[in-house]
Amino acid sequence: MKPLSLLIEILIILGVIIKNIEAEKHSKKQTERNATTQVSANELKQFLSHILERRKLIKVIYQRENALGKKKIQRKLRIKGIQNKDLSKRNKNHLRKQAKKNFTDEGDQLFKTGIKILQQSKNQKQKAEAYVFFAKAADMGNLKAMEKMADALLFGNFGMQNITAAIQLYESLAKEGSYKAQNALGFLSSYGIGMEYNQAKALIYYTFGSAGGSMMSQMILGYRYLSGINVLQNCEVALNHYKKVADYIADKLEKSEGIPVEKVRLTERPENLSSNNEILDWDIYQYYKFLAERGDVQIQVSLGQLHLIGRKGLDQDYYKALYYFLKAAKAGSANAMAFIGKGNAIGLHGLGLLYFYGKGVPVNYAEALKYFQKAAEKGWPNAQFQLGFMYYSGSGVWKDYKLAFKYFYLASQSGQPLAIYYLAKMYATGRGVLRSCRTAVELYKGVCELGHWAEKFLTAYFAYKDGDIDSSLVQYALLAEMGYEVAQSNSAFILESKKAKILEKEKMYPMALLLWNRAAIQGNAFARVKIGDYHYYGYGTKKDYQTAATHYSIAADKYHSAQAMFNLAYMYEHGLGITKDIHLARRLYDMAAQSSPDAHIPVFFALMKLETVHLLRDILFFNQFTMRWKWMKLDNTLGPYWDLFVIGLIVAVLIFLLRNRYG
């Protein structure tokens, strides 16, 4: 395969990466974890041309040796006679099959070694070593290894992003029936990244991917049919796709193989990402541990909470949670004592599980029920789920779907994923509750978003934090395609910054507008305001004040967005896209100030400007004719934005008065 020539090149690149990582082993852990080593385009070309020339030479030599070999065989056949012809062919075929088997086995072994290293890796150097094995296995034709390398080239693992090379590999893999390749090609076609923007082709790729077993393709199709993206909206079809993925996720969750991943929203603090506290950096975590051991009660409680629910990138660990809560409780922390009460609930739930599954004791559903009820009364969601499951399945009790629904619902309010899954099943089938396809789909969607692919939120965030914008965008964009609202807003945020290089600049605003729209439909108020901004200023679409006002109105009425109220007030003040209404403008300015403390200062200046302008109008323009004439003269003299000049003048006067007062 032609793309395999790139894999030897990748081996060399990875070798360079490993050496660079070893040279920087004394650097900070965060830097080491996120280090990306780039190889220049000239070096890549030199490696590639050298490899291709070497392959051509090997091919010529092989052809010559093959020709000489055939001549020797022909001579031997003439001497030994025709009776040996069949035997020679059989031996030759046997040797070829054996050689092919050995080659395949070696590739499989290299891939397994790479996987083992990757699973046990604790730093970037070890991960890079794993990819050396993947590259070697891929060069031997191992399809799974080729998929790994194609993903690395697409997402920019270790700074070796090469979308063109990734596409070549994916196209070769797709011909071999790889569902992962089908999904990747569908994603690239849907955004026009390295390929022609073609939604019809993307849909075909996703359909083949889902048929082959791709959970990502299933999820993407579920989201498309739910939202009516390039297909007719169909809840039942969406339900079918989401259910398949949710069944897969629920199976993983029952085996405790899934943990929640923190989803950082880039729009919340773009100016301060380096200190973003949504994910706890490893060195900061070590510092917090040090403070906790020194007796900082507040830190002890905080670490206990983080380990209790598994947040900010930390694993869920009840024992560590209890350890920190006990330390804080001994120091007199009321909060820690309250959490230890939950800790007792954890213990009661654990006892219930022992009796339910018969681990170390005989199975006793009555005892299990007793302990689950005690833990559930203390508010422990896992115990509430377990009670719901007992009534749902009839384990030791009579089946009672009403009670099952009650406990599943209680547990779901705390985010218990399996409770949400069983609620979705009940709404999908109408057991114990009125059937609702839409509710079932929404619940299944929430379960699906707990899949292992959500880990890309972490790698995408760290790539963005380290300035690798293209790598971050590709990862967020894939998650956005799967229906993650946070990823949709993050992708749009990156696109509108125009820092990415993998899309043409003229495509960025239209694509960002599309993603803001999808995020807004899923309830993101900030995205709704953004859509208004895009129509107001004409970003990625033509200027349309009326549409802008419509979106601002939705954000103001439905989400009480202070920014939307302020923008709408300005439009009413000036009659932009809507009928001019000064009284309504004043009211909206006041509502914006009441909705957010951050709006107080902008609203103050806006109202000062509005009142000053109308005071001047009342004083100077005492009749209608003079008023119109003077107004037009003011526009001609100072321009259409003379009102901004008035604001500046007011600010200057206020500063002057304050300086004189305190001077």
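**Close-ups of an all-helix-and-loop chain**

**View 1. Helix 21 is followed by Gly467, whose phi is positive, near 85°.** This is a predicted model, and the view takes in helix 21, residues 456-465, together with what comes after it. Seven of the 10 residues in helix 21 are buried, so the rest of the structure largely encloses this helix. The buried set reads Lys456, Phe457, Ala460, Tyr461, Phe462, Ala463 and Tyr464. Yes, there's a lysine on that list: Lys456 is one of the buried residues of helix 21.

**View 2. Lys456 of helix 21 and its partners from elsewhere in the chain.** Set aside the neighbours within four places in sequence, and Lys456 is in contact with Phe155, Gln475, Leu478 and Leu479. Take Leu478: this residue sits 22 residues from Lys456 along the chain, yet the two C-alpha atoms are separated by 9.1 Å. Lys456 counts as buried, as noted for View 1.

**View 3. Helix 23 and helix 24 pack at an angle of about 155°.** Helix 23 covers residues 485-497, helix 24 covers residues 505-521, and their axes lie 8 Å apart. With angles over 145 degrees counted as roughly antiparallel, the two helices are therefore roughly antiparallel to each other. Their crossing is left-handed. On the helix 23 side, the contact is made by Glu485, Gln488, Ser489, Ser491, Ala492, Phe493, Leu495 and Glu496. Helix 24 answers with Met508, Tyr509, Met511, Ala512, Leu515, Trp516, Arg518 and Ala519. Sorted by class, that contact has 10 nonpolar, three polar and three charged residues.

**View 4. Helix 11 and helix 20 pack at an angle of about 35°.** Helix 20 spans residues 437-448, and its axis and that of helix 11 are 9 Å apart. This crossing, too, is left-handed. From helix 11 come Cys235, Glu236, Ala238, Leu239, Tyr242, Lys243, Val245, Ala246 and Ile249. They meet Cys437, Arg438, Ala440, Val441, Tyr444, Lys445, Val447 and Cys448 in helix 20. By class, the contact of helix 11 with helix 20 has 13 nonpolar and four charged residues, and no polar ones.

**View 5. Asn230 has a positive phi without being a glycine.** Its phi is about 60°. Look for Asn230 in the loop between helix 10 (215-227) and helix 11 (235-254); helix 11 is also one of the two helices in View 4. Asn230 is partly exposed, with a relative accessible area of 48%.

**View 6. His560 is another non-glycine residue with a positive phi.** Here phi is about 55°. His560 belongs to the loop between helix 26 (545-559) and helix 27 (562-574). Its relative accessibility is 54%, so His560 counts as exposed.

**View 7. Stepping back to the chain, with its 31 helices and zero strands.** Buried residues make up 44% of the 663 residues. Among contacts between residues at least 6 apart in sequence, 54% join residues at least 24 apart. The chain exposes about 36000 Å², and carbon and sulfur atoms supply 56% of that area.

Note on methods:
Residues numbered from 1 in each chain as written. Predicted model: local features only at pLDDT ≥ 70, side-chain atom pairs only at ≥ 80, totals over all residues. Heavy atoms only, no water. Axes fitted to C-alpha atoms, helices over the stretch in contact; angles between N-to-C directions. Parallel < 35°, antiparallel > 145°, perpendicular 65-115°, else oblique. Left-handed = near helix turned anticlockwise from the far one by under 90°. Contact = heavy atoms within 4.5 Å. Nonpolar A, V, L, I, M, F, W, Y, C, P; charged D, E, K, R; others polar. Buried < 20%, exposed > 50% of the residue type's maximum accessible area, 1.4 Å probe, protein only. Areas by Shrake-Rupley, 256 points an atom, 1.4 Å probe, with all protein chains shown as cover.
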